Amino acid sequence: MPRPAASSVGRPIAVTASDSTTRSALVQFLLRLGDDRLVLGHRLSEWCGHGPILEEDIALANIALDLVGQAALLLDLAGATEDAGRDGDALAYLREAIDYRNVLLVELPKGDFAFTVVRQFLFSVAAYYQLEGIARSTQTDLAGIAAKALKETRYHVRHAGEWVIKLGDGTDESHARTQSALDGLWRYTGEMFQTDAVDAALVGAGLVPDLTTVEPRWLAQVTDVIERATLTIPAAGYMQRGGRSGRHTEHLGIMLAEMQILQRSYPGAKW
Amino acid sequence: MADDHSAAPASVATTSRDGQWPLWEVFLQPPRGAPFEHAGSVHAVDAESALQNARDVYARRGEAVNIWVVPTTAITASTPEDVGPFFDPGNDKPYRHPQFYSVPRGVRVY
């Protein structure tokens, strides 16, 4: 996995609350954050060489690299916090789908370009508001990663948001495809704001922001852009979930098979 | 839902005759305040997209602190036929360069 910044493996980890419950909650939280980005980054990388125009091909690859870079930092920190001898590479390449903790939203196949940019927009806005809170975490390693990721994510929101407006408020076909992507993706958005005992343990310790404060801000910005795109927010309904506990769609296993084949075939390969 | 989404927004320029989106010239200002330099060109339907494309194509490795994008059609360029009248007369007038003046002592020569 590319290393855009110094790896945190090997450095002492200042977990403020040293009790094992908080520590294991933090590991779970870092896996959630890291896996979301690794899986979405991989999905975006599937556009490489297939973008609608050269400039957008490069833009998607840039965003993919940003996300994989964030994942590398987060998974390294997860491994160091876990302190069980696994680094970011081991977590990325040697876990099965059932051990991945990403939301289902990010693992769905890349679809058409409208699907890709709508998903990117829905995810990036949520990521932005969540990272804003995490940047103030009392866990300084995590706060540092969030501050770096926040700048990247701000651009992702801008880029994907522009496309949602252009495609939604574009031709009949681009409008129909974008609305269809939004309709198909909406039921996967609730999982981004789902909270459980992991969040409760960390929010109480001042390590991460309360996701319930992120959701209304996400909805306000998403609604604004969707309306400017002349699209319609789907009616509230059942929200899919399961990724945070390892119950994934069939798509993740197939994606991981491709992503992990080199390490699985040639364990420890370096180049 | 608005019914007029098939109408192109005012900001979207029409595609050019070659079927490509309009072309924009990209100028980057390198770090430390150096003058803007032409970096290349991108296709884009409006200024915001042109700016984003320029960032993604030419400024993703820390090359710039500032970007200009200009519609290529807004640039008036000299032609190959201009080369003679525009530039040749300068060749035999070396006195237009400042080297003929002696530099006073005490002035640092860069």
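How much area do chain B and chain A bury between them? In this predicted model, the answer is about 1800 Å², with 52% of that area on carbon and sulfur atoms. I shall begin with this interface, then turn to the interior of the structure, and close with salt bridges and two backbone details.

Let us consider which residues take part. Chain B contributes 19 residues to the contact, and chain A contributes 20 residues. The rule finds 9 residue pairs in polar contact across the interface of chain B and chain A. On the side of chain B that touches chain A, two elements give two or more residues: strand S2, covering 37-43, and helix H1, covering 47-58. Of the elements on that side, H1(B) gives the most, with 8 residues. By character, the residues of chain B that touch chain A divide into 8 nonpolar, 6 polar and 5 charged.

The interface of chain B and chain A also holds 2 salt bridges according to the rule. One salt bridge pairs Asp46(B) with Lys166(A), and the closest N and O atoms are 3.3 Å apart.

Please now look at a single residue of helix H1 of chain B, namely Asp56(B). Is Asp56(B) buried or exposed? Its relative accessible area is 0%, and therefore Asp56(B) counts as buried. What does its side chain meet? One polar contact, of 2.9 Å, reaches the side chain of Tyr155(A). Another polar contact, of 3.1 Å, joins Asp56(B) to the side chain of Asn62(A). When neighbours within four places in sequence are left aside, the residues in contact with Asp56(B) are Ile58(A), Ala59(A), Asn62(A), Tyr155(A) and His159(A).

Let me place this residue within its chain. Chain B contains 2 helices and 3 strands, and along the sequence they follow the pattern β-β-α-β-α. Of the 110 residues in chain B, 23% are buried. Among the contacts in chain B with a separation of 6 or more, 43% are between residues 24 or more positions apart.

I turn next to the nonpolar interior. The largest nonpolar core has 81 residues, and Leu142(A) and Trp218(A) touch the most other members. Helix H5 of chain A, residues 113-134, supplies the largest share of this core, 15 residues. To see what surrounds Leu142(A), set aside its neighbours within four places in sequence: its contacts then include Leu26(A), Phe29(A), Leu74(A), Ile134(A) and Val208(A). Another core, of 11 residues, lies apart from the largest one, and among its members are Trp24(B), Leu28(B), Ala50(B) and Ala59(B).

We come to the salt bridges of the whole structure. How many are found over all chains? The search gives 16. I shall describe several of them.

In the first example, Arg86(A) pairs with Glu82(A), the closest N and O atoms being 2.6 Å apart. Arg86(A) is partly exposed, at a relative accessible area of 32%, and Glu82(A) is also partly exposed, at 26%.

In the next example, Glu132(A) and Arg217(A) meet at 2.9 Å, N to O. This pair links distant parts of the chain: Glu132(A) belongs to helix H5 of chain A and Arg217(A) to helix H9 of chain A, 85 residues apart. Arg217(A) is partly exposed, at 38% relative accessibility.

A further salt bridge joins Arg177(A) and Glu173(A), at 2.9 Å, N to O. These two residues are 4 residues apart in helix H7 of chain A, residues 172-186, so about one helical turn separates them. Arg177(A) is partly exposed at 40% relative accessible area, as is Glu173(A) at 49%. Finally, a network of salt bridges links Arg32(A), Asp196(A) and Asp199(A).

My last topic is the backbone. Most residues other than glycine have a negative phi. Against that background, Thr230(A), which is not a glycine, has a positive phi near 60°. Thr230(A) lies in the loop between helix H9, 211-228, and helix H10, 250-265, of chain A. With a relative accessible area of 12%, Thr230(A) is buried.

Arg32(B) likewise is not a glycine, and its phi is positive, at about 65°. Where does Arg32(B) lie? Its place is in the loop between strand S1, 23-29, and S2 of chain B. Arg32(B) is exposed, because its relative accessibility is 81%.

Key
Residues are numbered from 1 along each chain as its sequence is written. Chains are lettered from A and ligands numbered from 1 in the order in which they are written. This is a predicted model: local features need pLDDT of at least 70, side-chain atom pairs count only at pLDDT 80 or more; totals for chains, interfaces and linings use all residues. Side-chain values use heavy atoms; hydrogens and water are left out. Contact means heavy atoms within 4.5 Å. Buried area is the accessible area (1.4 Å probe) that two parts lose on being put together, summed over both. A salt bridge is a side-chain nitrogen of Lys or Arg within 4 Å of a carboxyl oxygen of Asp or Glu. A polar contact is a pair of N or O atoms within 3.5 Å; within protein, one must be able to donate a hydrogen and the other to accept it, and residues adjacent in sequence count only if both atoms are side-chain atoms. Ala, Val, Leu, Ile, Met, Phe, Trp, Tyr, Cys and Pro count as nonpolar, Asp, Glu, Lys and Arg as charged, and the others, Gly among them, as polar. A nonpolar core is a set of buried Ala, Val, Leu, Ile, Met, Phe, Trp, Tyr and Cys residues joined through side-chain atoms within 4.5 Å. Buried means under 20% relative accessible area, exposed over 50%, partly exposed in between (1.4 Å probe, protein chains only).
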